[in-house]
Amino acid sequence: MKWKKLGKIFDPTQHNLPNDCVQFAQSPQALVFDDFVRIYFSTRSVDKRNRKYLSHIAFVDMQKNLRDVIRVSGKTVIPLGGLGCFDEHGIFPMNVMRHGDAVYGYTCGWNRRVSVSVDTAIGLAISRDDGLTFQRIGDGPVLAASLHEPCLVGDCFVKVIGDVWHMWYIFGTGWKRFSAEAPPDRIYKIGHAVSDDGINWVKEEARQIIANRLGANESQALPTVIEIDDRYHMFFCYRQSFDFRTNKDRGYRIGHAYSEDLVNWTRDDEDPLLDVTPGDWDSDMLCYPHVFECDCRVYLLYNGNEFGRYGFGLAALER
Amino acid sequence: MFKWNKLGKVFTPQEVEGRNWLKEFAQAPATLVFDDFVRVFFSCRPSADENGQYVSYSAYVDLIRSNLFKVRHVSQQPILSLGGLGEFDEFGTYPVSVIRNGEEVRAYYAGWTRCESVPFNVAIGMATSRDGGETFTKLGNGPVLSYSPDEPFVLSGPKIRRFNDVWYLWYIAGRNWKMIEGRAEPVYKIRMASSSDGIHWNKVNKDLIESRLEEDEAQASPDVFFANGNYHMFFCYRYSSHYRGRENGYRIGYASSTNQVDWMRDDAKAGIDVSEEGWDAEMISYPHVFELDGKTYLAYLGNQVGRHGFGLAVLDGKLE
């Protein structure tokens with residue numbers, strides 16, 4: 001497999017976004033229409049009460065050349081959750097998929113904690129207007145912490161294969177204080193759940209499906225899966241669990257694994273398929289991959305430096 | 001109407017010495033009967049921290065079976081440790097409900113974490129004991145029952161029961177948070193789930209008890225007891241605001257059911273109310289019914305939701 005980088009395709013600071021969002025276009029996820037591609041992303045406003053960030057979902061519609069912007073969302077795609085709800089302080093990311101006439105949006109909702117910064121869980125919201133707006137099926141999550149997945153359930157990717165709904169997602173294995181001066185950092189791994197309706201999920205309960213390459217303290221995030229030539233390929237991002245924000249040698253890179261049976265995954269990223277480009281927008285970091293097909297081509301959306309503060313880019317698979 | 005004869009307060013946490021984690025509160029009594037004593041599990045607190053915040057632990061007191069007003073022993077340590085950094089039970093394990101399962105004792109407990117926009121969140125964990133309930137090992141470091149679309153937060157007050165080899169968990173789930181004079185106050189309702197193993201649960205996803213005081217009535221401690229062909233539930237309920245005094249505070253309610261799921265509320269039948277004066281004159285809450293040597297007892301909390309301990313009443317007649 002070989003990816004051809006097509007460069008950065010969207011910069012949020014060049015557009016007027018709803019909810020007073022000015023920076024960040026993180027975790028781009030595509031919904032393909034007949035004559036355009038809608039790309040959802042998470043952008044951020046600043047909470048006036050405490051100067052902390054709030055993540056909101058927005059989208060950009062692009063021509064199928066994936067270069068020209070048609071429009072950005074003019075209004076709120078999905079409001080944040082209510083007081084005390086799992087998604088009160090942000091939705092980041094949202095995975096979208098068509099199901100019949102509806103579009104299902106699987107959200108990762110953020111809520112702030114006291115001893116640690118945050119917890120997350122996965123919610124479901126449904127759109128009946130082709131993805132312009134989404135309504136939650138309830139105030140609570142469809143997938144949350146459980147016996148052996150104690151925290152930070154999020155970052156899901158959902159795909160129906162045969163008549164089984166598959167969800168790949170991440171779960172926290174715990175928080176750790178790596179140094180006395182720094183706040184606690186989190187460690188998370190990729191897991192898997194199945195469902196027959198997309199609402200009631202059965203987890204494999206803490207089975208880490210992707211082996212560590214950086215040791216036990218590797219954090220793995222945002223899995224995305226595609227079938228190419230009878231083989232399932234998963235892309236995700238991974239990093240060290242502390243000193244990863246500004247240290248480019250410890251920050252996110254894109255990982256890869258493949259599977260024939262959706263049970264056993266072989267990790268295959270010793271030799272990265274996609275790497276940083278010195279001097280470019282993705283010189284220090286590669287993260288939040290999303291793989292999709294459009295007009296018989298396979299593309300990978302992803303974020304570069306600073307976790308996508310200045311937008312996202314694209315690569316195309318060359319065969 | 002049932003006729004409960006109040007026997008008075010049985011246990012006062014302030015009288016216990018040498019345990020800095022047990023300074024005040026003895027909340028949500030839950031019993032386990034032994035040959036010559038009754039082990040009553042409860043939840044307690046050390047002194048508040050410098051910010052006035054509490055953590056809560058669970059423990060037990062052994063009462064002499066032939067005279068429940070005599071304390072035989074108080075646990076030397078909490079029965080459960082608090083959870084680790086960022087875990088659901090990092091700041092409290094309260095309340096706890098226990099049940100025998102063959103040689104082991106299972107505890108279902110509510111674990112507390114602290115949040116930024118609201119004071120806390122709660123989910124239900126499970127632990128097992130192989131020494132008759134003296135010490136427990138958590139089944140995992142996450143919850144056994146957690147949030148879902150219709151139960152978004154504050155899953156608390158578990159009461160574990162088993163009827164005809166099916167496990168039942170009655171509990172409460174938060175409905176909304178109300179801002180009252182700048183403070184977020186939770187509204188919660190009584191719910192249930194069933195299970196074949198006590199680990200994997202199917203939620204019924206409905207409010208079991210109709211609200212009576214107001215739409216935002218808060219309901220807690222759904223204690224279910226089977227007797228004479230019916231399921232009897234004693235629970236407590238209060239107004240959603242200004243509930244820390246006599247006026248709007250907790251009272252004990254009652255409902256009955258023939259099938260565990262459909263309940264007929266009839267508080268007039270509960271048969272127990274606040275006293276004119278004394279330890280339970282302002283509020284009564286967290287009822288727990290148990291049978292012992294041919295009598296039916298009700299353990300419950302008095303003023304300040306059990307800050308000064310719990311008491312007992314005995315039924316004159318039968319639950320029917």
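Q: Which strand of chain A is the place of A:P93?
A: In this predicted model, A:P93 sits in strand β6 of chain A, which covers residues 91-99.

Q: What makes the peptide bond from A:F92 to A:P93 cis?
A: The omega angle tells you: for the bond from A:F92 to A:P93 it is near 0°, and the bond is cis. It is worth a look in the viewer, because most peptide bonds are trans.

Q: How do you know that the peptide bond joining B:Y94 and B:P95 is cis, and where does B:P95 lie?
A: Omega is the clue again, with a value of about -5° for the bond between B:Y94 and B:P95. As for its place, B:P95 belongs to strand β6 of chain B, residues 92-101.

Q: Why is B:N164 called exposed?
A: Its relative accessible area is 71%, and exposed means over 50%, so B:N164 earns the word. You will find B:N164 in the loop between β10 (153-163) and β11 (166-180) of chain B. Its phi is positive, about 50°, although B:N164 is not a glycine.

Q: Why is B:N228 called partly exposed?
A: Here the relative accessible area is 45%. Partly exposed is the range between the 20% limit for buried and the 50% limit for exposed, so B:N228 falls into that class. The loop between β14 (218-227) and β15 (230-238) of chain B holds B:N228. Its phi is near 55°, a positive value in a residue other than glycine. That is worth noting, because most residues other than glycine have a negative phi.

Q: Why is B:N121 called buried?
A: With a relative accessible area of 6%, B:N121 is below the 20% cut-off for buried residues. B:N121 is part of strand β8 (residues 120-129) of chain B. Beyond its neighbours within four places in sequence, B:N121 has contacts that include A:R113, B:W112, B:Y147 and B:V154.

Q: What makes the approach of the side chain of B:N121 to the backbone nitrogen of B:V154 a polar contact?
A: The distance is 2.8 Å, and a polar contact needs a suitable pair of N or O atoms within 3.5 Å.

Q: How do you know that A:D269 is buried?
A: A:D269 has 3% relative accessibility, and anything under 20% is called buried, so the label fits. Its place is in the loop between β17 (266-267) and β18 (287-294) of chain A. Leaving aside neighbours within four places in sequence, A:D269 touches A:R213, A:F236, A:Y238, A:G255 and A:H256. A polar atom of the A:D269 side chain lies 3.1 Å from the backbone nitrogen of A:H256.

Q: What makes chain A as compact as a globular protein of its length?
A: Let's begin with its elements: chain A has 0 helices and 20 strands. Its radius of gyration is 18 Å, close to the 20 Å that the globule rule gives for 319 residues, so chain A is as compact as a globular protein of that length. The C-alpha trace spans about 50 × 45 × 45 Å along its principal axes.

Q: What share of the residues in chain A is buried?
A: Of the 319 residues in chain A, 61% are buried. The chain exposes about 12700 Å², with 46% of that supplied by carbon and sulfur atoms.

Methods
Residues are numbered from 1 along each chain as its sequence is written. Chains are lettered from A and ligands numbered from 1 in the order in which they are written. This is a predicted model: local features need pLDDT of at least 70, side-chain atom pairs count only at pLDDT 80 or more; totals for chains, interfaces and linings use all residues. Side-chain values use heavy atoms; hydrogens and water are left out. Helices (H or I, at least four residues) and strands (E, at least two) are DSSP runs, numbered from the N terminus. Buried means under 20% relative accessible area, exposed over 50%, partly exposed in between (1.4 Å probe, protein chains only). Contact means heavy atoms within 4.5 Å. A polar contact is a pair of N or O atoms within 3.5 Å; within protein, one must be able to donate a hydrogen and the other to accept it, and residues adjacent in sequence count only if both atoms are side-chain atoms. The radius of gyration is taken over C-alpha atoms; the globule rule is 2.2 Å times the number of residues to the power 0.38. Accessible areas come from the Shrake-Rupley method with a 1.4 Å probe; for residues, only the protein chains shown count as cover.
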